[in-house]
Structure formats: C-alpha cells, structure tokens
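The paragraphs below go through the structure step by step. Please keep the sequence and the coordinates open while reading.

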Amino acid sequence: MNKRVIEEGVFEILMILSLVFVLGSLIIIISLVLYHGAPAITVEMLTQTSSSRLYTGRGGGILNAIVGSILLAIPATLLAFMVGLTVALFLQSDFTHPQLANSVRFILDILWGTPSIIYGVFCMVIMFILGSTTSLLWGIIALTLLEIPIITRYMDETISMVPHGLKESAYSLGLTKVETAFKIVRKQALPGIIAGVLLGLGRGIGDAASIVFLIGESNSIPSSFDSPTSALPTMIFNLYSQPDPYVRQKAYAAAFILLIIVLIISVASRILTKRLTKHIIK
Amino acid sequence: MTTPSNNIQIETRNLDVYYNKQYILKNINIKIPSKQITAIIGPSGCGKTTLLKSFNRLLEIQDNVRISGEIIVDGVNILNPNLNTPDIRKKMGMLSQKPYPLPMSIFDNVAYGIRIHDKKKPKNEVAEKVQHYLEEVGLWNEIKDRLHDPATQLSVGQQQRLCLARAIAVEPEVLLCDEPTSALDPIAAQQIEKLLLKLKRNYTVVLVTHTLRQAKRLADYVVFLYFGMVIEQGPAYEFFNNPKNPESIAYLNGEIS
C-alpha cells in the first residue's frame with residue numbers, strides 16, 4: 001500500500017485514541033467524584049456552614065467553603081484581569097520595544113510555571129513581615145499573583161493576533177495609541193480576553209497550595225476581608241485527610257460542587273462571549 | 001514640471017526611509033498637487049506603500065524604521081517629532097488594500113471617528129453626519145435599514161465604501177489610498193474609482209496602484225517609482241503619452257513589472 005495512505009491512517013488512529021484518552025479521563029473523574037460524593041450531597045451540605053472544628057468531624061455543610069471560594073476567586077480574577085489586560089496591551093509593539101516585551105514575556109512564562117505553593121510561601125513571608133494575620137485578603141493577594149501571569153500571557157497571545165491592518169485603520173482615523181489599544185484592539189480581541197480570564201479563574205478557584213497558609217480556615221462565612229475563611233480546595237484536602245468514610249464522602253461532594261461551579265462559569269461566559277463578539281472581524 | 005506652490009498639498013524633500021538597515025526610499029523629492037488624483041505607480045516592492053504610509057506617519061508604528069528628510073503638508077514638516085501624530089493622521093484619511101471595518105456596527109464605524117474628535121457633538125448631529133457620509137459613498141440606500149448590524153456582514157465592496165465613508169467623516173484634507181480596489185470584484189472596484197473621481201473635488205487623493213490602466217483612468221498626476229527612487233513625475237497626460245525616461249517607457253510597455 002502507498003506509504004502516504006498508511007501514514008494518513010496511522011495518524012487518524014492516533015488522533016482518535018488521544019481524543020478517547022482525554023474524554024475518557026474526564027468522564028472517569030466526574031463519575032468517580034459523583035459516585036463517591038453523591039450520597040453526601042444534600043440540602044444541608046449546600047446551605048449550612050461547617051459546625052465541627054476544622055472539619056475533622058461530621059457536622060454541618062460546606063457553605064462556608066463555597067462562599068469562601070467565590071469570595072477568593074472572583075476578586076482575585078478581577079484584579080488579575082485589570083493588571084493583565086493593561087500589561088498585555090502595553091506589551092504590543094505599539095508601546096513597548098519588542099526586545100523588552102519579550103523579556104517581560106519570558107519572566108511571565110517562568111511565573112506561569114512556578115508551583116503555586118511558592119506563591120503561598122512568598123505571601124506568607126510578606127504577611128509575617130507586615131505583622132498581619134491569615135485572612136480572606138491574603139488569599140486574594142496570593143491568587144491574584146498566581147493568576148496574573150496566566151491571564152496576561154494568554155491575552156497577550158490573542159491580542160498579538162489582531163490584524164495589523166485594523167490597527168492601521170484606527171490610527172489613520174486619528175486615534176491615539178491608548179484609544180486604539182483600549183477601544184479597538186480590546187474589542188477585537190474580546191473572545192481571547194474572556195478565555196484568558198476564564199483560564200485564570202479556573203486556576204484560581206481550584207488552587208489549594210497557594211492559599212493553604214494564608215486563609216486561616218474558618219467555619220463561618222467571612223464577614224470582612226480581614227476575617228479568616230475557608231475554600232473548597234483546602235476543604236477537600238482537609239476532609240479527605242480524615243479516616244472517617246462519611247467525612248471522605250463529604251470531600252467528594254465538595255469536589256463535585258467545585259466542578260459544577262467551574263462548569264457554570266464556563267458555560268455562562270461562553271454565552272456572554274457570543275453576545276459580545278458579534279461585531280468582530282473574522 | 002512646475003505647479004504654483006500654493007496648489008501643492010504634500011511636498012517631500014530628500015525623504016529617505018530605511019527598514020532594518022535596508023534602504024527602501026531613496027532621496028524622494030515629489031510635489032503632490034492639491035485636489036487632484038496623484039497615482040504612485042511602479043513595480044511591486046518598489047516602495048509605493050512605504051511612501052504612502054510615510055505621509056500619515058503610519059510607518060513609525062513598525063520597529064526598525066528610520067526616516068529622514070522632510071514631508072511638508074500645509075507648510076509644516078510633519079516628520080517633526082514634536083507634532084501630535086493623531087492630528088496629522090486626522091488630516092490624512094486612509095483606505096487600505098483590504099477593508100478593515102472597526103469591530104462595531106455600521107453606524108458606529110462612521111460615527112466613531114466623528115465622536116472621538118468632537119466628544120460633545122449632539123447625537124442628532126452625529127447621526128446627520130453619518131447619513132451624509134454614507135450617502136456620499138452611495139451606501140445609505142443599501143444599508144439604511146440595518147445601520148446597527150455588524151459591519152462585517154457587508155460585502156467586501158460595501159465594506160470598502162464604508163471605510164471610505166469612515167475616512168472622510170473625520171474631515172481630512174487628503175485621502176491616501178493603498179491599492180483600494182485590489183481585493184474587490186470589478187463592479188465594486190468601479191464604484192470606488194467613480195467615488196475617487198467625485199471626491200477629488202474636495203480632497204487631494206494619493207493613489208497607490210499597480211494596475212497601469214487604473215492609473216490612466218484616474219490620475220491627474222503621476223509619480224513613477226523604481227527601486228525606491230523617483231524615476232519620473234509629472235502630469236498624467238504627459239507621462240503616459242510622452243514619457244521621458246527609458247525606465248518609464250519600459251514600464252509602460254510592460255517590460256518591467
């Protein structure tokens with residue numbers, strides 16, 4: 001048989017296999033989490049805060065962790081988005097010399113690959129130096145730092161793909177660099193910008209290592225930025241470390257809820273993207 | 001060729017452009033007459049577009065570009081680094097090869113430039129202006145019922161006319177056209193050509209084109225570039241009927257392209 005035909009067939013099989021592998025592991029993870037956690041998903045789980053000390057026991061639900069996770073991840077993502085979008089727009093050659101921009105990109109890539117526990121330790125050291133104590137605020141700071149490189153680099157890549165001719169059109173209308181970047185380029189790159197924010201949010205809401213030293217864990221919903229809080233990833237860690245099978249079930253239930261939250265955010269933003277991007281040039 | 005200096009819109013003096021140490025435009029000295037169509041012609045890669053983009057300082061958004069010499073517009077050297085580039089570009093409308101509508105509705109594409117230069121303009125005045133400029137390019141009747149649709153839904157020819165309306169809406173003095181019909185079908189191209197002939201009453205048109213026939217149809221004045229140098233410039237009638245330079249003759253005979 002023709003060598004090229006065989007090659008074509010081999011790669012098709014490889015493609016199907018990798019697809020099966022990716023989808024298969026996803027299905028296995030979700031069904032495993034659901035199988036172990038389903039018995040523990042009750043109304044009380046979702047509507048009550050924990051009532052046993054540091055989740056070592058069986059009492060109460062995980063509402064404090066759900067709310068805590070949202071209060072940590074949303075403000076952190078918003079902050080990282082504001083910093084990230086500005087940096088990403090300024091990294092374009094209209095503002096920054098490509099050599100400097102590439103050095104910044106290199107640093108951001110290293111930060112992206114830095115294990116999140118490093119961010120946690122770094123923020124903890126600063127916290128001690130400032131004489132501060134564990135709180136929601138420190139969790140937000142750590143997550144913001146964690147998300148900035150992800151969001152910035154992702155946006156940077158999509159913004160770089162905005163057609164040069166569109167920028168030239170904007171400039172030739174007499175728009176300034178800032179107007180072009182923040183009004184025209186931002187609009188055109190919106191799908192990528194939203195995808196970048198989601199990527200950051202997904203990382204932030206699921207990360208335990210960066211916040212484990214900083215949020216202080218608490219059984220109640222935080223009343224201010226100064227109060228300690230709980231979060232889903234750290235709570236899953238704590239619950240699953242217990243020998244009690246029921247408590248472990250709760251860990252799976254919490255994991256399932258975390259998955260659902262991420263899913264809702266993804267779907268909602270996809271709908272939002274569709275609405276906001278009907279004007280962009282393809 | 002001497003034209004009275006008060007009718008000169010753009011004049012270049014010893015204009016040199018280097019890109020990455022490559023010498024692109026060599027000692028360009030041309031005088032572009034006001035309220036006429038000037039065609040910049042020459043084989044591909046001879047620097048036509050580079051010359052055009054130097055007129056609204058679009059060249060400098062690329063890196064490693066070095067420009068020296070002078071470009072005089074209204075008695076001012078626009079290459080002076082102390083000038084505000086958006087003001088220069090506002091005077092110089094541009095029409096690119098491929099239309100790039102802004103990522104907005106049809107209406108906003110025209111209104112955006114108007115609003116950005118006069119933020120306090122009342123809404124109804126902006127709307128009147130938008131209608132006026134869309135009529136000017138013959139688009140109004142085609143699209144008046146879908147002003148708020150995305151501009152990308154228009155055909156390429158309509159998009160190019162929208163870009164023209166957008167350009168004249170900021171009230172420039174000059175229209176820089178970079179092969180504005182090369183991406184269009186013959187009918188859409190003809191519409192653009194007609195518009196340019198109409199618009200030259202109020203605007204100075206600088207047209208880069210690689211089709212000689214288009215230059216013959218439209219141009220009042222011709223600048224012939226070859227390897228980054230001006231080989232010949234003069235009124236179109238003289239250039240096409242009585243070219244003086246051997247390279248011009250070769251180009252007109254299709255021997256170099």
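Which order do the six strands of the open sheet in chain B have? The order is β7-β8-β9-β4-β10-β11, and the pairing is mixed. The model is a predicted one, and everything said here refers to that prediction. At the margins of the sheet stand β7 (92-95) and β11 (229-235) of chain B, edge strands that each pair on one side only. From one strand to the next the twist averages 15°.

One pairing at the edge can be followed residue by residue. β7(B) runs parallel to strand β8 (residues 174-178) of chain B, and four bridges join the two. Within this pairing, Leu95(B) has Cys177(B) in β8(B) as its bridge partner. Helices pack on the sheet as well. Helix α1 (residues 48-55) of chain B touches β4 (37-41), β7, β8, β9 (204-208) and β10 (221-226) of chain B. The direction of this helix makes about 150° with that of β9(B). α6(B) also packs on the sheet, where it touches β7 and β8 of chain B; the angle between its direction and that of β7(B) is about 175°.

α6(B) leads on to a helix pair. Helix α6 (residues 156-169) of chain B and helix α4 (residues 123-136) of chain B have axes that come within 9 Å and cross at roughly 130°. An angle of this value falls in neither the parallel, the antiparallel nor the perpendicular range, so α4(B) and α6(B) count as oblique to each other. Their crossing is right-handed. On the α4(B) side the contact is made by Lys129(B), Tyr133(B), Leu134(B) and Glu136(B), and on the α6(B) side by Ala165(B), Ile168(B) and Ala169(B). By class, these residues are five nonpolar, no polar and two charged.

Chain B also holds a hairpin. Strand β1 (residues 8-19) of chain B pairs with strand β2 (residues 22-28) of chain B in the antiparallel sense, over four bridges. Opposite Tyr18(B) stands Tyr23(B) in β2(B). Two residues lie between the strands of this hairpin, and Asn20(B) takes a positive phi near 50° there.

Taken whole, chain B comes to ten helices and eleven strands. Its radius of gyration is 18 Å, close to the 18 Å that the globule rule gives for 257 residues, so chain B is as compact as a globular protein of that length. Along the principal axes, its C-alpha trace spans about 55 × 45 × 35 Å.

Chain A is built from eleven helices and has zero strands. Along its principal axes the C-alpha atoms of chain A fill a box of roughly 65 × 65 × 35 Å.

Two helix pairs of chain A can be described in detail. In one of them, helix α6 (residues 136-160) of chain A and helix α9 (residues 190-206) of chain A have axes that come within 8 Å and cross at roughly 155°. Why is α6(A) roughly antiparallel to α9(A)? Angles over 145 degrees count as roughly antiparallel, and the crossing angle of this pair therefore puts α6(A) and α9(A) in that class. The crossing is right-handed. Among the residues that meet are Leu143(A), Leu146(A) and Ile150(A) in α6(A) and Ala195(A), Gly196(A) and Leu199(A) in α9(A). The whole contact has ten nonpolar, five polar and two charged residues.

In another pair, helix α1 (residues 3-37) of chain A packs on helix α11 (residues 245-276) of chain A at an angle of about 135°, with the axes 7 Å apart. That angle makes α1(A) oblique to α11(A). α1(A) passes α11(A) in a left-handed crossing. The contact involves residues including Val33(A) and Leu34(A) of α1(A) and Tyr252(A) and Phe256(A) of α11(A). It divides into eight nonpolar, three polar and no charged residues.

What remains is the contact between the chains. How many residues does each chain bring to it? Chain A gives 25 residues and chain B gives 27 residues. On the side of chain A that touches chain B, α7 (164-172) and α8 (177-188) of chain A each supply at least two residues. α7(A) gives the most to that side, with seven residues. The residues on this side of chain A divide into ten nonpolar, nine polar and six charged.

Methods:
Residues numbered from 1 in each chain as written. Chains lettered and ligands numbered in written order. Predicted model: local features only at pLDDT ≥ 70, side-chain atom pairs only at ≥ 80, totals over all residues. Axes fitted to C-alpha atoms, helices over the stretch in contact; angles between N-to-C directions. Parallel < 35°, antiparallel > 145°, perpendicular 65-115°, else oblique. Left-handed = near helix turned anticlockwise from the far one by under 90°. Contact = placed C-beta atoms within 7 Å. Nonpolar A, V, L, I, M, F, W, Y, C, P; charged D, E, K, R; others polar. Pairing = 2+ DSSP bridges. Rg over C-alpha atoms; globule rule 2.2 N^0.38 Å.
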